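Thanks for coming, everyone. Please pull up the structure on your screens, and I'll walk you through it.

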Amino acid sequence: MKPPAPGKRRRFFAGITFAVLALCFAVGSYFVGALPLRPGLAPDAPAEYSRFPWKNAVTDTPHPGVTRWQTRPATDGTVATLIRFDFRANPGLTFGIYDQDEDDAKPYDNSVAFWKRGVADAAMHLDHQKCGTVIAAW
C-alpha cells in the first residue's frame with residue numbers, strides 16, 4: 001500500500017482542523033455565549049462603569065466614615081456598588097474576617113452549612129454575638 005499523495009494529506013488535515021475549530025466555536029457559543037463586542041469597540045476596551053467616578057451615581061453615608069456610591073449601569077438590573085471606609089474619619093471602624101466554621105457545631109472542621117446561612121444570616125449572627133455592628137459584608 002502506498003502512502004496518500006501530499007495534496008490529499010493536506011486536504012485531510014485541513015478538513016480535520018476545520019471540524020475541530022467548528023466544534024470549539026459551537027461549544028464555546030453554547031456555554032459562553034456570544035462575545036460581548038460591538039462594532040468599533042476594541043476587545044480590550046474597559047467596561048463603561050469600570051472606572052470611577054461613575055456618572056449618575058447616588059452617594060450616601062450609611063455610617064460615619066463609610067461612603068457608598070451606587071449606580072445601575074445595565075438595563076438587566078445589575079447594580080454597581082463602591083464602598084469606601086475612612087478609618088481616619090471614624091477611628092472606631094474595624095476590619096474583620098469571619099469564618100462561619102469558627103463557631104458551628106464542630107469548629108474548624110472545614111465544613112459549613114453555607115446554604116442554610118447566607119451572608120445576611122452570618123451578619124445577623126455577628127450582630128447577636130456583640131462583636132460590634134456589621135456595616136458591610138460580602
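Let's start with Asp60. How exposed is Asp60? It is partly exposed, with a relative accessible area of 29%. Its side chain meets that of Arg68 in a salt bridge, at 2.5 Å from N to O. Arg68 is partly exposed too, with a relative accessible area of 25%. In general, side chains of opposite charge can pair when their charged atoms come close. How many salt bridges does the structure hold? One.

A word on what you are looking at. This is a predicted model. The protein has two helices and three strands. Along the sequence, the pattern reads α-β-β-β-α. There are 138 residues, and buried ones make up 12% of them. The exposed surface is about 11900 Å², with carbon and sulfur atoms supplying 61% of it. Now the contacts. Take those with a separation of 6 or more: residues 24 or more positions apart account for 23% of them.

Next, the strands. How do β1 and β2 pair? Strand β1 covers residues 58–63, and its pairing with β2 is antiparallel, over four bridges. Together β1 and β2 make a hairpin, with two residues between them. Look at Gly65 in that turn: its phi is positive, about 85°. On the other pairing, β2 and β3 also run antiparallel, joined by six bridges. Strand β3 spans residues 80–85.

Gln70 lets you trace both pairings. In β2, Gln70 is the bridge partner of Val58. In β3, the bridge partner of Gln70 is Thr81.

Stay on β2 for a moment. It runs over residues 66–71, and Thr67 sits in it. Is Thr67 buried or exposed? Its relative accessible area is 14%, under the 20% cut-off, so Thr67 counts as buried. What does Thr67 touch? Set aside its neighbours within four places in sequence. Then Thr67 is in contact with Thr59, Asp60, Leu82, Ile83 and Arg84. Notice Asp60 in that list; we met it in the salt bridge with Arg68.

Now the helices. Helix α1 covers residues 6–31, and Phe13 is found there. Phe13 is partly exposed, with a relative accessible area of 48%. What does it belong to on the surface? Phe12, Phe13, Ile16 and Val20 make a nonpolar surface patch of about 400 Å².

Over to α2, residues 119–128. Which residues of α2 are buried? Ala122, Ala123, His125 and Leu126. Why do they share a side of α2? They cover an arc of only 160° around the axis, which puts them on the same side. Here is the general rule. An α-helix has 3.6 residues a turn, so residues three or four places apart point the same way. And the face turned away from the buried side of α2? That one carries the exposed residues Ala120 and His128.

Pick out His125 from the buried set. Its relative accessible area is 17%, so it falls under the 20% cut-off and is buried. Again, leave aside neighbours within four places in sequence. His125 is then in contact with Tyr98, Asp103 and Arg117.

Last topic: backbone angles. Most residues other than glycine have a negative phi, and most peptide bonds are trans. Where does this model depart from that?

Begin in the loop between α1 and β1, where Pro53 is found. A cis peptide bond joins Phe52 and Pro53, with omega about 10°. Asn56 lies in that loop between α1 and β1 as well. Phi of Asn56 is positive, near 65°. Asn56 counts as exposed, at 68% relative accessibility.

Move to the loop between β3 and α2, the place of Tyr108. Phi of Tyr108 is positive, near 60°. Tyr108 counts as exposed, at 58% relative accessibility. Finally, what follows α2? Lys130, with a positive phi near 60°.

That's the tour. Back to the salt bridge for one closing look: Asp60 and Arg68, side chain to side chain. Happy to take questions.

How values were computed
Residues numbered from 1 in each chain as written. Predicted model: local features only at pLDDT ≥ 70, side-chain atom pairs only at ≥ 80, totals over all residues. Heavy atoms only, no water. Buried < 20%, exposed > 50% of the residue type's maximum accessible area, 1.4 Å probe, protein only. Contact = heavy atoms within 4.5 Å. Patch = residues over 30% accessible without salt bridge, like charges linked within 9 Å, V, L, I, M, F, W, Y side chains within 5 Å. Areas by Shrake-Rupley, 256 points an atom, 1.4 Å probe, with all protein chains shown as cover. Salt bridge = Lys/Arg side-chain N within 4 Å of Asp/Glu carboxyl O. Pairing = 2+ DSSP bridges. Arc of directions from axis to C-beta.
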